[in-house]
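Colleague: Please take a close look at one part of this model for me. I would like one connected account of a charged cluster and what surrounds it.

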Amino acid sequence: MYRETVTIEDAVTAVSVMECSMQGSALLGNVNALLTTFPTDPLEQYQTQCQMLLEGLNLPVLLQSEMDRLAR
C-alpha cells in the first residue's frame, strides 16, 4: 500500500522480515520463517515483536508511542 508517511508498524514489520531472512538473527533470536505458523492472536504477536525489536534497538520513546497507539 502506498502512503506518504511510514508508520512505526511499517518499520517494525520491515525489520522483522529482515531479521527472519538472516541466519542467526540478532534481535528476534533463532526464528525459522519456513517452520512458523500464523499466530492465534496477531495483535499480541505484533506487540511482542514490537517490544523485542524496539527495546533491542534502544528506542523506548517509539515503543511507548506504539504501545499507546495499540491501546486505543
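Modeller: Glu66 and Arg69 join through their side chains in a salt bridge, at 2.8 Å from N to O. This is a predicted model, so read that distance as computed. Both residues lie in helix α3, 3 residues apart, which is about one turn of the helix. The general rule fits here: an α-helix has 3.6 residues a turn, so residues three or four places apart point the same way.

The two partners differ in cover. Glu66 is buried, with a relative accessible area of 2%; the cut-off for buried is under 20%. Arg69 is partly exposed, at 34%.

Arg69 has a second partner. Its side chain also meets that of Glu9 in a salt bridge, at 3.2 Å from N to O. Arg69 sits in helix α3 (residues 60-71) and Glu9 in helix α1 (residues 8-21), so this pair ties together parts that are 60 residues apart in sequence. Glu9 is partly exposed, with 35% relative accessibility. Taken together, Glu9, Glu66 and Arg69 form a linked network of salt bridges.

The structure holds 3 salt bridges. One of them lies outside that network's pairs: Asp10 and Arg3 meet through their side chains at 2.4 Å, N to O. Asp10 is partly exposed at 27% relative accessibility. Arg3 is partly exposed too, with a relative accessible area of 39%.

Now go back to Glu66 and look at what touches it. Ile8 is in contact with Glu66. Leaving out residues up to four places away in sequence, Ile8 also touches Tyr46, Leu54, Leu62 and Ser65.

Ile8 leads into the nonpolar interior. The largest nonpolar core has 8 residues: Ile8, Val12, Tyr46, Cys50, Leu53, Leu54, Leu63 and Leu70. Helices α1, α2 and α3 each supply at least two residues of this core. The largest share, 4 residues, comes from α2. There is a general background to this: in soluble globular proteins, nonpolar side chains tend to be buried together.

Which residues of α2 are buried? They are Tyr46, Cys50, Leu53 and Leu54. These cover an arc of only 90 degrees around the axis, which puts them on the same side of α2. The buried residues of α2 pack against α1 and α3. Those are also the helices that the Arg69 and Glu9 pair ties together.

Helix α2 itself covers residues 42-56, 15 residues in total. From its first C-alpha to its last, α2 reaches 21 Å, close to the 21 Å expected at 1.5 Å a residue. Just after α2, Asn58 takes a positive phi of about 55 degrees.

Last, the setting. The chain has 3 helices and 0 strands, in the order α-α-α along the sequence. Of its 72 residues, 18% are buried, and Glu66 is among the buried ones. Contacts between residues 24 or more positions apart make up 49% of those with a separation of 6 or more. The accessible surface comes to about 5700 Å², and carbon and sulfur atoms account for 59% of that.

How values were computed
Residues numbered from 1 in each chain as written. Predicted model: local features only at pLDDT ≥ 70, side-chain atom pairs only at ≥ 80, totals over all residues. Heavy atoms only, no water. Buried < 20%, exposed > 50% of the residue type's maximum accessible area, 1.4 Å probe, protein only. Contact = heavy atoms within 4.5 Å. Areas by Shrake-Rupley, 256 points an atom, 1.4 Å probe, with all protein chains shown as cover. Salt bridge = Lys/Arg side-chain N within 4 Å of Asp/Glu carboxyl O. Expected span 1.5 Å × (residues − 1). Arc of directions from axis to C-beta. Core = buried A, V, L, I, M, F, W, Y, C linked by side-chain atoms within 4.5 Å.
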